[in-house]
Amino acid sequence: MKIKKQAMRFCTALLLCACLVTGCAGVELLDALGYYDTQELETVHSDDRYVYQTLSEQSRHIYDQMLTALMNMQDSVRLSTQDQEEVQNCYEAICADYGEIFWVESCSTRIVSLFGFPVTMYFDVSYTMTPQQVGQYQVQMQPKINEYLALLDGCGSDYEKTELLYKKLIDEVGYDLESENNQNILSVFLSGSTVCQGYACAVQYLLQRAGIQCAIVTGTARGEAHAWNLVRLDGDYYYLDATWGNASYRASEEPEDTAFDGVNFAYLNLTTEELFRTHEPKVTFELPVCESTADSYFVKHGLYFDRWDVDAVGERLVRAYDGGARSISLKFSDEAELSAAYGYLIDERHFRDYCTDTDTICYLADTDLCILNVFFME
């Protein structure tokens with residue numbers, strides 16, 4: 001949401017007149033006019049939020065002022081900066097750190113001047129609903145939120161939490177461009193359908209509540225506006241994209257990918273190098289270089305192969321087929337290893353050596369991530 005700079009000239013005139021009458025100047029005059037709000041406000045601590053941690057001490061202070069205003073639904077708050085770019089960056093940081101905010105319509109900044117010189121800047125906010133309505137929505141969402149959090153609390157590791165949430169969200173929340181409130185968590189927890197922004201907001205909110213640092217990253221994917229998540233698991237950072245893991249989204253964007261049954265785990269816990277083959281972030285805050293593969297879905301499930309090993313790959317195919325699985329996804333270290341597996345299993349039809357009761361399979365080679373997806377036909 002872009003913040004628009006807005007100058008309000010009537011404030012300058014008012015301050016000039018008051019200054020001539022009272023003899024006050026600068027900050028004292030603003031106090032006299034009641035510009036400084038002294039009401040008690042609920043404060044929010046952001047020390048555990050990823051983007052907040054990347055900011056300078058000065059920017060953290062601005063972030064805190066703006067976040068307090070948003071959480072308390074203040075219409076306006078005085079900021080301790082007059083730097084428009086800093087305000088824009090702090091707002092972007094808040095949006096990345098707090099996926100649960102669903103009541104903001106628009107924001108702007110306003111400069112108050114004295115004798116033609118800027119004195120202070122205000123952050124003005126318009127809301128889509130009243131505080132009472134926000135409370136009502138929060139009450140309506142709480143049972144579903146509690147359901148998710150209870151399941152996450154029962155997980156034994158950070159990795160298990162991300163896999164469970166990824167799968168549950170995709171299974172229960174469809175991708176729908178027409179979904180109401182699809183830019184926030186209302187669509188996820190009340191409508192059961194959303195778009196990429198809704199998924200990313202829900203993932204950020206739930207994982208942060210479950211004790212996993214998580215942020216929303218916005219940018220483009222194959223040239224289209226998109227949102228996904230950055231997560232920290234066991235001390236290392238990974239990318240997670242629940243939207244691209246949803247078969248209903250893949251079918252709408254790439255009709256040839258209709259063989260997936262609900263969840264595609266290819267976009268759970270990726271490295272920077274892997275995700276950035278198709279995704280490009282467009283954020284003002286610093287992003288870490290995600291290099292670890294320890295909490296990759298494929299590593300965790302023994303589906304990653306750093307070299308073409310016919311016996312190891314064959315054993316995994318047999319286990320999946322004999323176990324009644326509908327599909328299996330095998331990830332390779334590079335395109336050469338993927339090509340070797342594809343040639344042997346598909347071109348030479350050696351899949352029949354492992355899937356002995358069928359003569360037909362479906363398959364899909366993901367060359368972006370070097371994954372061979374095999375779908376067993378009934």
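Helix pairs are called roughly parallel at angles under 35 degrees, roughly antiparallel over 145, roughly perpendicular from 65 to 115, and oblique for the rest. In this predicted model, the axes of helix α6 (residues 131-153) and helix α9 (residues 196-209) come within 10 Å and cross at roughly 50 degrees; α6 and α9 are therefore oblique to each other. Their crossing is right-handed. On the α6 side the contact is made by I145, Y148, L149 and L152, while α9 contributes Y205, L206 and R209. Sorted by class, the residues in the contact of α6 with α9 comprise six nonpolar, no polar and one charged.

A second region is built around an open sheet, in which four strands follow the order β11-β12-β14-β13 with mixed pairing. The strands at its edges, β11 (304-305) and β13 (361-366), each pair on one side only. Strand β12 (residues 327-332) and strand β14 (residues 371-376) run antiparallel and are joined by five bridges, and S327 stands opposite F375 in β14. In general, strands of a sheet pair through backbone hydrogen bonds, either parallel or antiparallel.

Two helices accompany this sheet, as set out below.

| Helix | Strands involved | Angle |
|---|---|---|
| α13 (residues 310-322) | lies across β11, β12 and β14 | about 160 degrees to β12 |
| α14 (residues 335-347) | touches β12, β13 and β14 | about 165 degrees with β13 |

Helix α13 thus has its angle given relative to β12, whereas the direction of α14, which packs on the sheet, is given relative to that of the edge strand β13.

Note on methods. Residues are numbered from 1 along each chain as its sequence is written. This is a predicted model: local features need pLDDT of at least 70, side-chain atom pairs count only at pLDDT 80 or more; totals for chains, interfaces and linings use all residues. Side-chain values use heavy atoms; hydrogens and water are left out. Two strands pair if DSSP finds at least two bridges between them. Helices (H or I, at least four residues) and strands (E, at least two) are DSSP runs, numbered from the N terminus. Contact means heavy atoms within 4.5 Å. Axes are lines fitted to C-alpha atoms, for helices over the stretch in contact, and angles run from 0 to 180 degrees between N-to-C directions. A crossing is left-handed if the near helix is turned anticlockwise from the far one by less than a right angle, and right-handed if clockwise. Ala, Val, Leu, Ile, Met, Phe, Trp, Tyr, Cys and Pro count as nonpolar, Asp, Glu, Lys and Arg as charged, and the others, Gly among them, as polar.
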